[in-house]
Every structure is written in C-alpha cells, then in structure tokens.
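Student: Could you take me through the nonpolar core of this one, residue by residue where it helps?

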Amino acid sequence: MGAIRGAICALNTVEDIEQKSLQLVKTIIEENNLSIEKIEAVFFSVTDDLNACYPAKSVREQLQLYNAAFMCFKEMSVPNSLPNCIRVCVLADGIEQKRCKHCYLGEAAMLRPDLNVSKR
C-alpha cells in the first residue's frame, strides 16, 4: 500500500475548494496510474482560513469513491506557513511507497521541493 501526498491552494469559497480538491486528487490518480477501486482512504487537512466546505464531500461524489474512507482535519496553525492550503494523503493498494508520485500543485509546490513532485 502506498501513501501518496499532495497539496494545492484555494480560495475560501465552496466552488474553489471543491474544484481544487478534485483537481488535486485527479492529478494523484493520473500521475500514479491508480484505479478508483484501489483507493482505500483519502485524508484531507486544510488551513484555518479554508472553512467554506469539506473537501472530501465533492471528491467522494464526483469520483464515486463510495467505498473509500474519507476524513477532513484542521491543519496545525504554524506561524508563516502557507495560507489557503489543502493537503491530502491518498492510501492506495497496489503501489509501492517508493514508486509514489506526490503531487504538489501551484503555490503548494514550495512545500516539498525535496520530493519528486508534479508542479502543474
């Protein structure tokens, strides 16, 4: 099982949080060549400034991931951390951890320059 991580920034609107969360998870699926059936769990955390909606709800519905476990958490409030940030961890069967392609998109690419990440 692999734990694939990623992040993206969003505006604090229902539409933007939903769109950016979906973009992030779709990118992880595409970059890692995952099938929906292999996704066991998706964990989101968001910074304090993102509270318009739960990112998990739209991702679950849009991708029809009804058998995967979803959770949303509040990210720690650390001084000078990246604002308006959605982070995700997707747990999937059939992929080795060392082969995971982590996806930090847009402004969030600065969070993990040490990883082999997609910077779309």
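Tutor: Sure. In this predicted model, the largest nonpolar core has 29 residues, and Ile-28, Leu-34, Ile-39, Phe-44, Phe-70, Ile-86 and Val-88 touch the most other members. A core here is a set of buried Ala, Val, Leu, Ile, Met, Phe, Trp, Tyr and Cys residues joined through side-chain atoms within 4.5 Å; buried means under 20% relative accessible area, exposed over 50%, partly exposed in between (1.4 Å probe, protein chains only). Two or more residues come from each of E1, H1, strand E2 (39-46), helix H2 (55-63) and strand E4 (85-92), and H1 gives the most, with six. Those labels are DSSP runs numbered from the N terminus: helices are H or I with at least four residues, strands are E with at least two.

Zoom in on Ile-39: leaving aside neighbours within four places in sequence, Ile-39 is in contact (heavy atoms within 4.5 Å) with Ile-29, Leu-34, Leu-65, Ala-68, Val-90, Leu-91 and Ala-92. There's also a second, separate core of seven residues, Leu-82, Tyr-104, Ala-108 and Leu-115 among them.

Back to Ile-86: with the same four-place neighbours left out, one of the residues in contact with Ile-86 is Ala-10. Ala-10 sits in the loop between strand E1 (2-9) and helix H1 (14-31) and is buried, at 5% relative accessible area.

For the fine print, residues are numbered from 1 along each chain as its sequence is written, and side-chain values use heavy atoms, with hydrogens and water left out. Local features need pLDDT of at least 70 and side-chain atom pairs count only at pLDDT 80 or more, while totals for chains, interfaces and linings use all residues.
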